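Welcome! Have a look at the structure below, turn it around for a moment, and then read on for a guided walk through its two chains.

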Amino acid sequence: MTETGFLGAALRSRSLVLGAVLTAVFVLAAVVSFLWVPHDVTAMDIPNRMKGPEGAHPLGTDHFGRDILSMIMVGARTSIAVAVVAVGIGMVLGVPLGLAAAARKGSLLDEVIMRGNDLVFAFPSLLIAIMITAVFGASALNAIIAIGIFNIPVFARLTRGAALSLWTRDYVMAARVAGKGATRISFEHILPNVTNLLIVQGTIQFSLGILAEAALSYVGLGAQPPLPSWGRMLADSQTMISIAPHMAIFPGLAILLTVLGLNLMGDGLRDLFDPKIRRVGR
Amino acid sequence: MSLLEIEGLDLDIHGEAILKGVSLAVQPGQIVGVIGESGSGKSMTAFSVMQLLPDGAMCRGRVTLGGHEMLSLPEPSLCRLRGNEVGMVFQEPMTALNPIQTIGAQVAETILIHEDVSRAEAMARAREALERCELPEAKFPLSRYPHELSGGQRQRVVIAMAIALRPKLLIADEPTTALDVTTQAQILRLLRRLVDEDGMGLMLITHDLAVVADMAHEIVIMRHGEVVEAGPTGRVFDEMRHPYTRALFEASGHQPEREESPRDVPLLQVRDVVRDYALPRTRLFAPQEHFRAVNGVSFEIAKGESLGLVGESGCGKSTLTRAILGLEEVQAGEILLDGEPVFTGHRPNRDVRRRMQVVFQDPFGSFNPRWKVGPLVAEPFHLLRDPPTGAARDAAIAEALESVGLAAEDRHKYIHEFSGGQRQRIAIARALIIKPELIILDEAVSALDVSIRAQILDLLADLSARFGLTYLFISHDLSVVRTITDRVMVMQAGEIVEEGPTALVFDAPQHDYTKTLIAAAPVLPERGAA
């Protein structure tokens, strides 16, 4: 696969381009928010509260008169940070566990790892998050840890499944004949060949992370005030929904579009990495 | 009038010319062998007849099947013809059947799609089709699932599906390539019987000249999407007008030149080796059951010798290979290389391991697709205590690549830039780089086209002479073993049943199993004698 061929195929994939553009818009918003926001997100302006979209406030203001556009921009920062770190935790811990389980398939180690994963899977993710925040207190950091833990079995299972089929390949046998041990083979031969899958799953877990953060903040267990968060903006707006619907619509749209963008991107990447689908070209 | 007539068929896929002016005809009751190497367009010719072509394909020319112009028919009419007028058998019986449907349901499906009959009647006719494919009711009821059958039996089910509606034409695309020799002989006999009984035309696609030699009435030889020679089998073998036909014929029976060397010092000694596998427990507290894959195998290979190991799938060849390479421990017996055990104290002995290497069958699966050729070839350096680095390493990689006929610069390329034959050369370079004494060739040429196979066999013979290599040549292909080995062993169900000098074993086999194997192997006619 040449670089230009890969890029060419990427640009031909409609879902990938649309997903990447949507994702890029929100990443850009988060980056720009560090340098500049239209209004200070903590500045209250009671006389102008619950204003609909207008010149000075393109997306209107909330019940304290804060600028919704600015809050969404800073909220993107929170969402992305939580999701990135949570996916990172899942990958850094889950992938080696999956590789180890596959390398020692059928052994006690494999059983312990996979049954441990089943245990984590068996709890609803939100319940784990609520448990953690209930014990350690509500904060963005605890939300990250909670969402990250739930990501571990996802990556461990994915890695193990893909690695098992790779272990039967002749090049792994050749590496064994060359005297390489299981750890070395896992990192030199198995890991590079599961990266595609991990990137695709990472994108999808990223979107789930954003949803989970929004859900935690919605119930008040995520990022704490005054740090803006999309989930809490939704929670704040629900009592005002009939008088100021824009307060719910815009953060809701932000969540929807980011998650949609990431999912489209994940789908597009999966198609791109799968040569069978790519050849058909869509 | 011919049953199938292809005239001046051109096929482009995404603008690339795949077939160029292909013409051939099949008469009722006739077997036409279509022969070519990979990429010759032989399968695409078959798919053009069925009009089952990939996206972006453009056909020009004429394909007439029993009076129907296949190229201009709309899809619904084509669907009525497929399965009804023309049946197809594929190479891989393992994937051609749906694993969650019974064989009866799968054969009956073809009938139910094309004819307005009751399910019971379709099942009755499926029974009859299986019967005709020599799968008797007593042993193979309709309720069997594909996983309960062997490869050859599955291929019979696939054939039963294809002939259930008694089509006028049967297209078989490499129907026996994935099968063992004895099974291959049975399937070919079955196909011939069906042609005789039904007066159906058979288009038999294969890369193996010997398979069609004593079976086809006519043969068509294809290369690069063109027909280079066609005619009655006897005449084609007699005349061989086209140089490619001669080249193909010579490559099929190619005999590499090998030098004799003194062989009295034993290099590898295998004594009474037993290898058991634990079977899954059927009940929670049932005693552990074992499957004995290798049962008391003993043999020796002398330095510089080339020993062949022949046997059908499941006979324990691969298990024995892994034991010799020290990848798995054996339950009894010992394996010594130059007097030293390959396994000491439950750990593989690295001093022994670095003196042997292996070349696998599949030129596509043998390399990590994300590595460049340089590191791939250098991988066995891991076995050395003091592997070369920097310039010495580069020089060793260059030397290994050059000794197999590739360029030193090839180390900067990725593996997908090479053809199957070149990849097998790279696999040999990887085996050579640590200068081993013993190389195990595990079906190393089985996946290659005949002309490439001849080149690789020459290379192996040349390398053996240059570096004093010892080969253990494992294969199911008797003709290849015959050309490159000094001695041969025949393995059946985990045991060596016959052993002796190659020529002697092939000319005067003693054991019944060896006789069956040799009788089943298709042979090429002598040049001009056909």
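Before starting, one term needs care: UniProt positions are given here in the numbering used for this structure, feature names are shortened, and annotations may be inferred rather than shown by experiment. Please also keep in mind that this is a predicted model.

With that said, let us begin with chain A. An unreviewed UniProt entry lists residues 16-37, 80-103, 123-150, 194-219 and 239-262 of chain A under "transmembrane region". What does the model show over residues 16-37 of chain A? That span is 91% helix and 0% strand, with its end C-alpha atoms 29 Å apart. Residues 194-219 of chain A, another span in the record's list, are 96% helix and 0% strand, and their end C-alpha atoms lie 36 Å apart.

The rest of chain A fits this picture, as its secondary structure comes to 11 helices and zero strands. Taken along the principal axes, the C-alpha atoms of chain A fill a box of roughly 75 × 50 × 30 Å. Chain A has 282 residues, and 46% of them count as buried. Among the contacts in chain A with a separation of 6 or more, 70% are between residues 24 or more positions apart.

Now let us move to where the chains meet. Here 15 residues of chain A are in contact with 19 residues of chain B. On the chain B side, α11 (350-353) and β18 (356-359) each supply at least two of the residues that touch chain A. Sorted by class, this side of chain B has seven nonpolar, five polar and seven charged residues.

Chain B also contains strands, and an open sheet of four is a good place to look. Its order is β2-β1-β4-β5, with antiparallel pairing. Which strands of chain B stand at the edges? They are β2 (16-26) and β5 (68-69) of chain B; each has a single partner strand, so one side of each is left without a neighbour in the sheet. Strand β1 (residues 4-13) of chain B runs antiparallel to β2(B), and seven bridges join the two. If you would like to find this pairing on screen, look for B:Leu9, which stands opposite B:Val22 in β2(B).

Next comes a helix of chain B, α13 (residues 390-403). At 1.5 Å a residue, its 14 residues should span 20 Å, and the end C-alpha atoms are 20 Å apart, which agrees. Within α13(B), the residues B:Ile397, B:Ala400 and B:Leu401 are buried. These three cover an arc of only 95 degrees around the axis, which puts them on the same side of α13(B). A general rule helps here: an α-helix has 3.6 residues a turn, so residues three or four places apart point the same way. What covers the buried residues of α13(B) includes α12 (373-378) and α14 (420-432) of chain B. On the other side of α13(B), B:Ala391, B:Ala392 and B:Ala395 are exposed. After α13(B) comes B:Gly405, with a positive phi near 85 degrees.

Two further residues of chain B have positive phi without being glycine. B:Met240 has phi near 45 degrees and sits in the loop between α8 (233-239) and α9 (243-252) of chain B. For B:Glu443, phi is near 55 degrees, and its place is the loop between β19 (438-442) and α15 (450-467) of chain B. Are they buried or exposed? B:Met240 counts as partly exposed, with 19 C-beta neighbours inside 10 Å, and B:Glu443 counts as partly exposed with 19 such neighbours.

Conventions:
Residues numbered from 1 in each chain as written. Chains lettered and ligands numbered in written order. Predicted model: local features only at pLDDT ≥ 70, side-chain atom pairs only at ≥ 80, totals over all residues. Contact = placed C-beta atoms within 7 Å. Nonpolar A, V, L, I, M, F, W, Y, C, P; charged D, E, K, R; others polar. Buried ≥ 20, exposed ≤ 12 C-beta atoms within 10 Å, placed from the backbone. Pairing = 2+ DSSP bridges. Expected span 1.5 Å × (residues − 1). Arc of directions from axis to C-beta.
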